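These are my notebook entries on a structure that I looked up step by step. I began with a term that I needed and then went from one chain to single residues and empty spaces.

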Amino acid sequence: METSEPVIKEIDLSFLNEVENESQIKVSACFQCRKCSNGCPMTFAMDYHPYQVVRFVNLGLKERLIDSKTIWLCSSCHTCVTRCPNEIDIPKLMDYLKGKVSTGAGQAAEKNVELFHREFLKSVKAHGRVFEGGLMRGYMIRSGQMWQPRKVMDNALLGLKMFKKGRLKLTPTRIKGLNKVQKMFQRHWQ
Amino acid sequence: MKVSYYPGCSLESTASDYNASIQALTGMLGIELSEVEDWNCCGSTSAHSLSPELSLVLSARNVVRAEAAGRDLIVPCSLCFNRLKTAEKALRQGTVSEYNFSGSIQVRDILEFFSSSEVLDRFVDMINKPLRGLKALCYYGCQGNRPPQIIGRTDCENPMDMDRLVEACGATAVDWPFKTDCCGASHAVARQDVVYELVGRLFDRAVAQGADCFVVSCQMCQANLDMYQEKISQARGQKYQIPVFYFTELMGLALGHPDVSKWLSRHFVDPSPLLNQLELL
C-alpha cells in the first residue's frame, strides 16, 4: 500500500465536481470514517484503500486514481457501500474511474483485468451470451499467455477435466435477438 | 406454481450440474419453470466495469421479457440476479429509456424463492431422507445480498435463508463469520492469486469450524471453491478436502431424488466419501 501523502498546495475542486455531476455519486459526503476499508476483502492486493480513493477524488488527485490498481481490483462485493454511513456508492465510483481509463484517460494498471472484461464483452457481442471457451482463447492470446507453456498446460488440463465432467460447452449459443444486443453495444460501448 | 427462469450463461456450461438439480427439484415440488425466451447475457462484472449503461440495457431486456411472460423471474446466479435486480429498480424508476416496464413482476434470487414459506412448506412435507450428521457451512457470498439499496434485504450482514433450508433438510448449519465474504469471482482468470487468497481464508475457517462441507447458491462461488480447491491446497501448502454443494443438491438428496449422484459426479471435490460415511448416499 502507498503510504506517502501528496503535498497539496491548493485543492482543485474541478475533478470532484466533474465526478459528482457525471456519476451522481455524492463523493464529498465522505468524512473518512474508513468503515469501507475495514470491511473491504481486497485491501491486501490494493495500492490504495477505498477510503483513499474517495479522498483522492475530493482532493482532485486524478492522476493517482487513473494509475491505480485499486480501481481494477475492486470486486464489486458491495461491502463498502452497505456499511458506509453516508451511502457513498464506492463500487460505482470504481466503475466510473475504470470507465475514465478505458475510454482513453490512461492505461489500466491491471492490464489483464481490463483485457478480461473486454474479451468477455466481445463474446457477448458476438453471440448474445458469453461463450467461455472462446473467451478463454481470446484472453490467452491477447494476454500473451498462449506462449507460456505452463499457463497453456494448466488451462488445458483444467479444460479437459471440465469437459470430462460435463462442465465445458464446446460451441456458443447464438440468440435470435442478437441484432438488438449488438445495437446496445453500438450505443453504449465506445 | 409457475415462475419465469433466467439460467444465465454459466448454467449452460460450468454449472450444468446446478441447472440439472434446479430442474429436478422444481419438478418434484410441482413448480413450473419457464425459461425467459431468447434471454441474453446480463453482461456480468465486465459490462458494469466498462460501461454501466450497457450493463443496464443488457439486463433490462431480460427483465422486460420476463414481464411479458407475466411471472416473477427466478435467477440462480447471484451475479445475474444482482444485475437484473439493478435493472428492475432502474426500470421502475423509468431511467431506462429503451424499455417500458409496468412493474408487475419481481426479480427474485433463487435462494430467497426456495426458502420462502410457499416453497419450503411443500419441501418439508416431502423429505424422506433427512441429512442427519452433516455439518454444513452456508456460504452466501456477496451478490445475492448486497447492496441493500438494490436487493432490499435487511439481513444482508447475517442472512439466514440457507441456514434455515439446510436445517430443514435435517443437517446442521454451522455458524461462522465469513458467510457473506467475497470469493473474488470476477478475478478468477486475470488475478488467480487474489482468488486463491480469498478462498484460502474461507477454507482455513471451514477447517477451524469443524465443518464437513460448504453449501452455496451461486455457481461462481461453487466454481472458485470446488474447481480450484486442489490448486489452492498446493499454493497454501495445505490439504483441503471440503465438498462444495449447491443447496439444491442437498434438497434433492433429502428428497431422495434418483439423479443426485449424477449431479455430484460433476464436482471436482468428490462428496461421495463424506456422504457414504454418513450413510446419506
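**Entry 1: a term.** I noted that a polar contact is a pair of N or O atoms within 3.5 Å; within protein, one of the two must be able to donate a hydrogen and the other to accept it. I also recorded that the model is predicted.

**Entry 2: A:H78.** I applied the term to A:H78, where a polar atom of the side chain lies 2.9 Å from the backbone oxygen of A:S76. I then asked where A:H78 is found. The residue sits in the loop of chain A that runs between helix 5 (70-73) and helix 6 (79-83). Is A:H78 buried or exposed? Its relative accessible area is 9%, and the limit for buried is under 20%, so I entered A:H78 as buried. Neighbours within four places in sequence were left aside when I listed what A:H78 is in contact with: A:P91, B:Q143, B:R146 and B:P147.

**Entry 3: A:L170.** I turned to another loop of chain A, between helix 10 (149-164) and helix 11 (178-188), which holds A:L170. A:L170 has a relative accessibility of 57%, and exposed means over 50%, so I entered A:L170 as exposed. Not counting residues up to four places away in sequence, A:L170 touches A:F131 and A:F163. I also looked up its separation from A:W72: the two are 98 residues apart in sequence, and their C-alpha atoms are 30 Å apart in space.

**Entry 4: chain A as a whole.** How many helices and strands does chain A have? I found 11 helices and zero strands. Of the 190 residues in chain A, 49% are buried. I took the box filled by the C-alpha atoms along the principal axes, and it is roughly 60 × 40 × 30 Å. Among contacts in chain A with a separation of 6 or more, 63% join residues 24 or more positions apart. The accessible surface of chain A is about 9800 Å², and carbon and sulfur atoms account for 51% of that surface.

**Entry 5: the second largest pocket.** I next looked for empty space. Rolling a probe the size of a water molecule over the atoms shows where such space is left. The second largest pocket holds about 1100 Å³. Its lining has 36 residues, and those nearest the centre are A:S23, A:D89, A:K92, B:P52 and B:T86. Which helix gives the most to this lining? I found that helix 7 of chain A does, with seven residues. Several other helices supply at least two residues each, including helix 1 (14-23) of chain A and helix 3 (52-69) of chain B. I sorted the lining by class and obtained 12 nonpolar, 15 polar and nine charged residues.

**Entry 6: cavities.** I counted five cavities of 30 Å³ or more. The largest cavity has about 130 Å³ of space. It is lined by 14 residues, with B:L79, B:C142, B:Q143, B:A185 and B:M220 nearest its centre. Helix 4 and helix 10 (219-227) of chain B are the elements that give two or more residues to this lining. By class, the lining of the largest cavity has eight nonpolar, six polar and no charged residues. I marked B:Q143 in my notes under two headings, as a contact of A:H78 and as a residue of this lining.

Key:
Residues are numbered from 1 along each chain as its sequence is written. Chains are lettered from A and ligands numbered from 1 in the order in which they are written. This is a predicted model: local features need pLDDT of at least 70, side-chain atom pairs count only at pLDDT 80 or more; totals for chains, interfaces and linings use all residues. Side-chain values use heavy atoms; hydrogens and water are left out. On a 1 Å grid over the protein atoms alone, a cavity is a set of points where a 1.4 Å probe fits but cannot get out, and a pocket is an open set with protein on both sides within 12 Å along at least five of seven lines; lining residues have an atom within 4 Å of a point. Grid points are joined across faces, edges and corners, and a volume is the space filled by probe spheres set on the points. Helices (H or I, at least four residues) and strands (E, at least two) are DSSP runs, numbered from the N terminus. Ala, Val, Leu, Ile, Met, Phe, Trp, Tyr, Cys and Pro count as nonpolar, Asp, Glu, Lys and Arg as charged, and the others, Gly among them, as polar. Buried means under 20% relative accessible area, exposed over 50%, partly exposed in between (1.4 Å probe, protein chains only). Contact means heavy atoms within 4.5 Å. Accessible areas come from the Shrake-Rupley method with a 1.4 Å probe; for residues, only the protein chains shown count as cover.
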